[in-house]
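Biologist: I am new to this structure and would like to learn how to read it. Could you take me through it one feature at a time?

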Amino acid sequence: MLSVQNLTVSIAGDPTPLDIVRNVSFAINEGEILGVVGESGCGKSMTSLAIMGLLPKPLINVRGGQILLDGKDVTDLAPYRRIEAGCGGIAMIFQEPMTSLNPVMRVGEQIMEALRIHDVGADRSPQARARELLDLVHIADAAHQLDAYPHELSGGMRQRIMIAIALACNPKVLIADEPTTALDVTVQAQILSLIRELCQELSVAVLFITHDLGVVAQLADNVAVMYAGRLVETASVHDLFANPAHPYTKGLFSCLPDPEKQSGYLSPIPGQAPLISEIADGCAFAPRCSLTTAQCRSGAVPAVVLSSGHQAQCHHPLAATDNGGPA
């Protein structure tokens, strides 16, 4: 349903542009959830904005690659055209609902605004469709809540309103950019359960952006790990958690507390992520990796296929059967 091929996003520069997302490729089918995970600043949100056509042009632009929605190239389409393109189009749930919802408009009007602009559901009134959407995202007493202002709702309800607005145009691709970051764990579990339910019932392809591996384990079917603007590993959620192949992915898991370990110490990844302007040739993770060789610091990094659907961009992918030594 959504296919991103060699996507490169650049900041305009003199004399040359600066690539902040480099040759990113992935695909999501109907009813699937792809979790994109990585440290802050690795390019997750910039990738989603490029897919939606919301990059702040002319400062930041798509410099190369294609974005295909239901087989149709939407790379150069305006954002509103992408919403209506292909088989139902594309929509996005943003990270913080209080900065996305209009504080002086009732939530019902904000849902109906999307319906009117995109001429959706002409066979019924916008009010009736808005009530249906609130029922769909499990907001009780929908008719009453349509008259509420955002500040009158809890964080979980505001996020459900954001999901309802995203679903207003019947999208077949839904991008969720860290939609549970500001929520407590109980409400977070409810929102994740809702997204999974909608994905299955409506056959929506979901791109779920997060930095939380626990959320990925709970929600995603497949996972793409990003580092410094590049995809370093892609796999099914089972393969990634059972056999992480890229040293960076292994490092992320090492940072998680393990209740079965006797020691109370974590194993953080040494150093810090590089500035985009400081990334040299070769593997961007090389300065922080214990397996680095001269080969890692120069030339292109190969895409090593470990099994069906499991690929790592690494000269020395970890063996599936050991405890982190080189393959």
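Modeller: Gladly! Let us start with Asn 23, which is found in strand 2. Strands are DSSP runs of E with at least two residues, helices are runs of H or I with at least four, and both are numbered from the N terminus. This is a predicted model, in which local features need pLDDT of at least 70 and side-chain atom pairs count only at pLDDT 80 or more, while totals for chains, interfaces and linings use all residues. Residues are numbered from 1 along each chain as its sequence is written, and side-chain values use heavy atoms, leaving out hydrogens and water.

Biologist: What is the phi of Asn 23?

Modeller: Most residues other than glycine have a negative phi, and most peptide bonds are trans. Asn 23 is not a glycine, yet its phi is positive, at about 50°. Asn 23 is also exposed, with a relative accessible area of 55%. Exposed means over 50% relative accessible area, buried means under 20%, and partly exposed lies in between, using a 1.4 Å probe and protein chains only.

Biologist: Where is Asp 70 found, and how accessible is Asp 70?

Modeller: Asp 70 sits in the loop between strand 4 and strand 5. Its phi is positive too, about 55°, although Asp 70 is not a glycine. With 39% relative accessibility, Asp 70 is partly exposed. For an unusual peptide bond, look at the one from Lys 57 to Pro 58: this bond is cis, with omega near 5°. Pro 58 belongs to the loop between helix 1 and strand 4.

Biologist: How do I read a sheet?

Modeller: Strands of a sheet pair through backbone hydrogen bonds, either parallel or antiparallel. Here two strands count as paired if DSSP finds at least two bridges between them. One open sheet has 4 strands in the order 2-1-4-5, with antiparallel pairing. Its edges are strand 2 (18–28) and strand 5 (72–73), each of which pairs on one side only. Strand 1 (residues 2–11) and strand 2 run antiparallel and are joined by 7 bridges. To see one position in that pairing, find Leu 7, which stands opposite Val 24 in strand 2.

Biologist: Which strands does helix 1 lie across?

Modeller: Helix 1 (residues 44–52) lies across strand 1, strand 2 and strand 4 (60–69), and runs at about 110° to strand 1. Such angles run from 0 to 180 degrees between N-to-C directions, with axes fitted to C-alpha atoms, for helices over the stretch in contact.

Biologist: What is the order of the open sheet of 8 strands?

Modeller: The order is 6-7-8-3-9-10-12-11, and the pairing is mixed. Strand 6 (90–93) and strand 11 (303–307) are the edge strands, each pairing on one side only. Neighbouring strands are turned by 20° against each other on average, direction ignored. Within this sheet, strand 7 (residues 173–177) and strand 8 (residues 205–210) pair in the parallel sense over 5 bridges. There, Asp 177 has Ile 209 in strand 8 as its bridge partner.

Biologist: Which strands does helix 7 touch?

Modeller: Contact means heavy atoms within 4.5 Å. Helix 7 (residues 155–167) packs on the sheet and touches strand 6 and strand 7, its direction making about 170° with that of strand 6. Helix 8 (residues 185–202) packs on the sheet as well, touching strand 3 (33–37) and strand 8, at about 155° to the direction of strand 8.

Biologist: How do helix 7 and helix 8 cross?

Modeller: Their axes come within 10 Å and cross at roughly 20°. Helix 7 and helix 8 are therefore roughly parallel to each other, a label for angles under 35 degrees. Residues making the contact include Ile 163 and Leu 167 of helix 7, and Ile 191 and Leu 194 of helix 8.

Biologist: Which residues touch the most other members of the largest nonpolar core?

Modeller: In soluble globular proteins, nonpolar side chains tend to be buried together. A nonpolar core is a set of buried Ala, Val, Leu, Ile, Met, Phe, Trp, Tyr and Cys residues joined through side-chain atoms within 4.5 Å. The largest one has 99 residues, and Phe 26, Ile 51, Leu 134, Ile 163 and Phe 208 touch the most other members. Helix 8 gives the largest share, 7 residues. Try zooming in on Phe 26: the residues it touches include Leu 34, Ile 51 and Leu 231.

Methods. Angles under 35 degrees count as roughly parallel, over 145 as roughly antiparallel, 65 to 115 as roughly perpendicular and the rest as oblique. Lists of a residue's contacts leave out its neighbours within four places in sequence.
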